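Please open the model in a viewer with residue selection enabled. The tour below moves from one selection to the next and describes what is found at each stop.

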Amino acid sequence: MLRDQHVCAIGTITTFRHTRVKLLLSLDQLRKFAITLVASVAVAQTPVMLFAQQPVVRETSPVILAQDGHAPFHTRGAVVQPAAEMSLHSPGMIEDATMNAWPQSEPKPLRSAVSQPDRSHLDVPQSTTHFHTPPFHVPAPVSHGPHHAQLDPYRIRAEEIQPATNSFAQQTQLISNMPFGSWWESEITGPLGFASEALPVDVAGLTQTALVQSPLIQGVLAEPNIRQQDLVIEHAAFDSLAFIEGKFADTNDPVGSALTTGDNSARFRDETFTSGAGLRKKALSGGALELVQRGGFQDNNSTFLIPNPQGTTRLEVNFTQPLMRDRGRAVNQTRIVLAQLDVKLATNEARGELETHLIDVTRAYWGLYQARAEWLQRKRLYDRATELRSVLRARSGVDSQQRQILRAEAAVASRQSELVRIETRIRNLQARLRTLTGDPNLTHGSNWELIPQDIPMIEAISLSPRDATITALDNRTDVTEAIRKIQAISVRVGAAKNQVLPRLDLILHSHLAGLDSQRDTFGAFTRQFSDGRPSYAAGLLYEMPIGNRAAQARLNRNRWEMCRALNEFQQTTEEAFTDVEIAVRETQTAYAEMVAKNLATDAAAREVAYLEQRWQLLPDPNESAVLLIEDLIDAQQRLADEERALVAAQVGYAISWVQVRKSMGVLLRLDDPNSVPILDISPPSWSVSP
């Protein structure tokens, strides 16, 4: 079906409706507005908004904004205050994208207040970032041009996708009341003492800084502007051309024929001045028009020049119109249409590179969060080993054995080495964030401790694979790019088919001529309109290469390129189906894994508490004291490992939402050339279709 449709496209010259070219914003436009990226903890960001009023300052509060009466987001220490908003979603690359209304339900607190660590001994700048969590919405589809129908069979196929099994929903229902508290969450958002100065950071602020400051993003944003200039160059080929020319020649040649001067002169002396001024214009239909006024004078010693000297003028109109090859607006606008498609392709490529860079920023942030959580976990593990060693040393003369003390000392040394490695990892991730954001303030404050303020979400959100796939078909950049390539090759096929035709041009000419004596060019100019009548001429020019092999080869090459583009489009669309399927499944799996790790952590904590009580209060006289210490140290290690796995699962669940949005093509939207890029990675509020 697809191939038949494109065979028709090969046999026709495809024209495109002129549309406004959408470009990425410039750096000046970024700096012009107060950008606020909205952070949702699961995936770290939601759409950028412009605020007409003063930005709302973050206030320390345990209250969390809920969405649609639910609670899918956690934002530590942030409360959302009402503010007048101006949506950036104006017609553009994604046309007619509008923001849904804000929910009217009151925000619900998600968890009780958590005591904050004492930060009075550190210089921690106050953060002014404010968070908003607008409802999830799917943007309007990207305009795919005349080949939009190529996606219709895939949309029908997507509509037939069956919802996932109910195991995920049942599992979510079973563990909905399970506590998800983690002791390190209250400490991870405070300084750990790695530096004398600390700086609170969140995903919203880091991505905002990267959008404005990162040299990589600035370079990426320049590419669509470069392609835009190529488009202007192609349009300029049809601009009118004004020209002026002039030439004076003083000739003094020997006479070799009596017909040169008409007398016995030995040399021919001639003074000639010629000039011209006019306009040339190439029409979109392929015709070329020239209007030129010529004038000059001539003075020589020939008896055949009458009058001598004389002034001459000539007003000419020349027009050439192709009748076969190069005829028509579609053919002559081919380069313009291709340049327009190049701009759109460059915008898609820039969007992809921006997404990749901002995802790197997000991953680095969550990596920093994970490393700090692991440091806190290992620090507690180290403190427990140190406490155990101190108790054993104090009781060495009572009931402690030397082997127990040595085992505790080995555990202390091992856990201390882990702390050193994790601290190095934290510093490396902070350096990575400084490089990714490109903020000179962070670069100069390389010794600052960066303190994450966002924590991962823990709520389960059902996602419809069918709706996600349909959204991906309408918004993925690779699908759009494949369709743009089909459009471009379709244009080339039509132009190549026209070039197979022979050249047949209609040539028209008309002029008015004037003549006066005494080098009076202006007098001749007046007389060209009063004396005589216009002259005219008409003719045809025919040209046909023998065999015409080059034009036929170009046409066949473009047709093969069309077949290749159709196959690539089919492969790209299949990959979109697969990517969405995997991303949705990975999100559900990540949540299930997080739930399982939470259960494992809880069980490991109970085991540690049980063994500590047995060792401290009621040791079994029939059990070896050395083995009890071994069991306790091993249980503590298992608990730390499970806690580390839990944090990794939480971060994995947060990153999985980034991948879902990326697979759907709605991670980053460039709605309008006069607005800012919108990083939208909030979890969707879809429910699984019945």
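## A tour by selection

Select aspartate 326 to begin: this residue sits in the loop that joins strand 8 to helix 9 (329–332). The model is predicted, and its backbone angles can be read in the viewer. Aspartate 326 has a phi near 65°, which is a positive value in a residue other than glycine. Is aspartate 326 buried or exposed? The residue falls between those two classes: its relative accessible area is 33%, so it is partly exposed.

**A second positive phi.** Next, select arginine 519, in the loop between strand 10 (503–517) and helix 15 (521–527). Arginine 519 is also a residue other than glycine with a positive phi, here near 55°. Its relative accessibility is 31%, and it therefore counts as partly exposed.

**The loop with cis bonds.** Move now to the loop between strand 7 (288–300) and strand 8 (310–322), where proline 307 is found. The peptide bond that leads from isoleucine 306 into proline 307 is cis, and its omega is near -15°. Proline 309 belongs to the loop between strand 7 and strand 8 as well. The bond from asparagine 308 to proline 309 is likewise cis, with omega near -5°.

**A buried asparagine.** Select asparagine 548, which lies in the loop between strand 11 (535–543) and helix 16 (549–616). Why does asparagine 548 count as buried? Its relative accessibility is 7%, and residues count as buried when the value is under 20%. Display the side chain of asparagine 548 together with valine 500: the side chain reaches the backbone oxygen of valine 500 at 2.7 Å.

**Helix 3 against helix 16.** Keep helix 16 on screen and add helix 3 (residues 152–159). The two helices pack at an angle of about 20°, and their axes are 12 Å apart. Because of that angle, helix 3 is roughly parallel to helix 16; angles under 35 degrees are classed in this way. The crossing of the two helices is right-handed. To see the contact, show Tyr154, Arg157 and Ala158 on helix 3, and Phe569, Gln570, Thr573, Glu574 and Phe577 on helix 16.

**Helix 6 against helix 7.** For another helix pair, select helix 6 (residues 203–213) and helix 7 (residues 215–236), whose axes are 6 Å apart and whose packing angle is about 55°. This angle means that helix 6 is oblique to helix 7. Which residues make the contact between helix 6 and helix 7? Helix 6 contributes Ala210, Leu211, Val212 and Gln213, while helix 7 contributes Pro215, Ile217 and Gln218.

**The annotated segment.** Select residues 412–439, which an unreviewed UniProt entry annotates as "coiled-coil region". In the model, this stretch is 93% helix and 0% strand. The C-alpha atoms at its two ends are 39 Å apart.

**The whole chain.** Finally, clear the selection and view the full protein chain, which has 17 helices and 13 strands. Of its 690 residues, 48% are buried, and asparagine 548 counts as buried too. Among contacts in the chain with a separation of 6 or more, 84% are between residues 24 or more positions apart.

Technical notes: Residues numbered from 1 in each chain as written. Predicted model: local features only at pLDDT ≥ 70, side-chain atom pairs only at ≥ 80, totals over all residues. Heavy atoms only, no water. UniProt positions renumbered as here; feature names shortened; annotations may be inferred. Helix = DSSP H or I, 4+ residues; strand = E, 2+ residues; numbered from the N terminus. Buried < 20%, exposed > 50% of the residue type's maximum accessible area, 1.4 Å probe, protein only. Polar contact = N/O pair within 3.5 Å; in protein donor to acceptor, adjacent residues only side chain to side chain. Axes fitted to C-alpha atoms, helices over the stretch in contact; angles between N-to-C directions. Parallel < 35°, antiparallel > 145°, perpendicular 65-115°, else oblique. Left-handed = near helix turned anticlockwise from the far one by under 90°. Contact = heavy atoms within 4.5 Å.
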